[in-house]
Structure formats: C-alpha cells, structure tokens
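Reader: I would like a close look at one part of this protein, with enough of the rest to place it. Please go slowly, since I am new to reading structures.

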Amino acid sequence: MEEKEQNEKENPKKAVTPVFKFGILAEGTLDRPAPLFTSSEPKPATTGRAWPVFQETPWRQLNWSDETRTALLESIRSYKPACDSVPAARVLLVGPVGAGKSSFISSVQSVFYGRVLNRAMVGSSSSSSASFTKKVEELQSYQLHSSRERDGESMALVLSDMVGLGEASSSLTLHDVLATIKGHVPDGHTFSACSPVGPDTAGYVKEPTLAERVHCVAFVVSAPEISTYSKTMTSTLQQLREHISALGVHQVALLTHVDKVCFKTAADVSQVYRSAPLKNVMIQASALLGMPISSMVPVKNYSEELDPEPHTDTLLLTALELILQYVDFHLRDQSDKADHAESSDHAESSTAQRAPSHP
C-alpha cells in the first residue's frame, strides 16, 4: 500500500478531460453534461452571419409607411360584409388563458380611437401568473367603433371573447364552443360545465340566422409559450380546429407577445418579419395548430403604452384585414350554398308542376 501511494506521488495522474462529439460524452470520461463546443474548437460568433438572428431580406413583405396604415384604417372602417343579410362580421377569439384575447380586442379599439384603451378589462393577477377578464365565464361581444370622435358610429365588425382554455376552474366545453359558433349562445351567457348549452338555456337561439352565427374563428396563442404548451392543450386546440373546420368556418391564428421573442423586435416591431427566431416560432405554431403559416399573423398588443404606435397599429390592422378576408370567404360560401339550395328547390317545384296527373 505504501509503495502504491509512493508511486502515485511520483507519477500523479493527469486530470481527466471530457471528450465530446456532437454534444455526447464519450465513454470513460467524466459523467457530466457535455458543452456544445470543446475548448479546442473555435466558438462561433454570437452575432453576424454565423448566427443570423435577423435576415437581410424580410421573409414576409409588409409596407410600414404611414400611408399604408391610413389606407388600412379607412378600409376596415368602411368594410361591409360580402352578404347583404349580414350587418356585421362576427369573429370569435379562442385560445389558452393568458394568450391575449381580451388585450387584442382592447388594442384594436385603441387603434381606431387614437389612444390606448382597456375596454375588455384585461390584466394580470398580482398573486399569480393567471390573467383575468371581466366576467371571465361569460360570452362577451364587442362592437368596434370607428373613432372616438364618432363613438356612436359602429363598424361592421364584432369581436367575441370567452373564457380561456386550460384554466383550472374552466367551465368551457367543446360542445359549448361549437354551440357558440353555430349562433345558439346569447351574448352574456355564463358557461358552466354542469349545464351545457341547450334548448332550455335562457336566451337560447333555436334557429340562428347567418347574421347571428360566427363567421371566422381566430386562435390566439402566445409566441413565447408555443413550445411550453402541454400535450393536453395541443390536443384541445387540434380537436377544436377539426370540429370548427367541419362546420365550414374559416380560421386564422394570431401570435401575440412577439416583442418578447426577439429583443430587436421589442425595440422596433417593424423588424418582425426579419426575425429568424420569430419565424421559427411561427413554424412551431403551425405544427401546434395544424394550420398553414399563410393563415397566421404576429401581433403586439398594447400593455404599457399610453399612446398608440404606428408600426404596432399596422400589425394589428393587418391581422384584422386577414380576418375580414376569411369572413368574406365564409359568407360567399354560405351564399353559394343558399343559392344552390334555392335553385334545387325551384327545379323540384317546376318538375312537380309539369308532372302529368293520373286519374
């Protein structure tokens, strides 16, 4: 034993240095996580071409000029649904709790008023990360107004908000979401998992007209949380997508909180379509929802600001423009179906009249 200790003193062992290959610890080395790069390899630059956080060419084109913002404002203010029997487009916002549905409604109204509003009574709890919306268990619909100077002048657009998906005490069921889209649920209805919407529900609309139905569904998801949504949430969102699609209602997706994904986008939201991290998040959101990226738009809601900002306005208005395009797609589809059914009924009636009578 003394001879062994003497040999160790005379010939001390060299420190074991981990050997890494593609981030995997090689056999016989220290059992600790492998760094991405060994000390013998040059580390790539964190800025510049090696790691292109920003792209020189935007991956989606958008004109950020004041003229574009003004043109969008006027276009949406003067919007009329593509069906004479529908006085206003009805859009339902659906998404996880805290995604920013109510904030989006307030932000959109802020654009037209020229000052930041909190119309939907949104905020966050000081004791938890949960968000809150006034009368959170109820279906709340908001008719947008064209400007603060013309507060009594309503636009042909209604945005509806409902309880967020995934809340611990959520009273929302798939049945009730679909009943809302079909137009059966009256505004102000309080949802309860124990009392699903049905003919006995107060204010229940038995035979809703096209004007009373939802014409487009906007899925609202938080960009920084895309990768953290649970499998249960993913399954819920995809089930909703499938059932809503079966109703023939078009859908879009709004990615909120984009200023929290990339520091340059936070400083200048007009750089949003040059951000590689945000593009990656949109790809993840596309997989999460099973929706093409062309049906998705990033938005930044107003939260800390006192006055609207032109580039933020442009993003919000672009989202509204996409929503209204899908509303008109749905209304034209429904008009075509109605015309076809009317033609079929007329043809059957004419055939019956021409049929010979038998004694």
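Author: What follows is a walk through one sheet and its edge, then one helix residue and two cysteines.

The model is predicted. The protein has 359 residues, and its secondary structure consists of 8 helices and 10 strands. Of the residues, 42% count as buried. The accessible surface amounts to about 20100 Å², and carbon and sulfur atoms make up 52% of that surface. Take the contacts between residues at least 6 apart in sequence: 69% of them join residues at least 24 apart.

Now to the sheet. Strands of a sheet pair through backbone hydrogen bonds, and the pairing can be parallel or antiparallel. The sheet here is open, has 6 strands and shows mixed pairing. Reading across it, the strand order is 6-7-3-8-9-10. The strands at the edges are strand 6, residues 140-145, and strand 10, residues 296-298. Each of these two pairs on one side only. On average, neighbouring strands of this sheet are turned by 25° against each other, with direction ignored.

Strand 6 deserves the close look. What does strand 6 pair with, and in which direction do the two run? Its partner is strand 7, residues 154-161; the two run antiparallel and are joined by 5 bridges. One position shows how they line up: Gln-140 stands opposite Asp-161 of strand 7. Strand 6 is an edge strand, and it is also mostly covered, with 5 of its 6 residues buried.

Next, a residue in a helix. Ser-107 sits in helix 3, which spans residues 101-113. Is Ser-107 buried or exposed? Its relative accessibility is 1%, so Ser-107 counts as buried, the cut-off being under 20%. Leaving aside residues up to four places away in sequence, Ser-107 touches Asn-301, Tyr-302 and Leu-316.

Last, the cysteines. A disulfide is a covalent bond between the sulfur atoms of two cysteines. How many disulfides does the structure hold? The count is 0. Two cysteines can still be compared by their surroundings. Cys-194 has a relative accessible area of 74%, so Cys-194 is exposed, since the label applies over 50%. Cys-262 has a relative accessible area of 4% and is therefore buried.

Terms used:
Residues numbered from 1 in each chain as written. Predicted model: local features only at pLDDT ≥ 70, side-chain atom pairs only at ≥ 80, totals over all residues. Heavy atoms only, no water. Pairing = 2+ DSSP bridges. Helix = DSSP H or I, 4+ residues; strand = E, 2+ residues; numbered from the N terminus. Axes fitted to C-alpha atoms, helices over the stretch in contact; angles between N-to-C directions. Disulfide = S-S within 2.5 Å. Buried < 20%, exposed > 50% of the residue type's maximum accessible area, 1.4 Å probe, protein only. Contact = heavy atoms within 4.5 Å. Areas by Shrake-Rupley, 256 points an atom, 1.4 Å probe, with all protein chains shown as cover.
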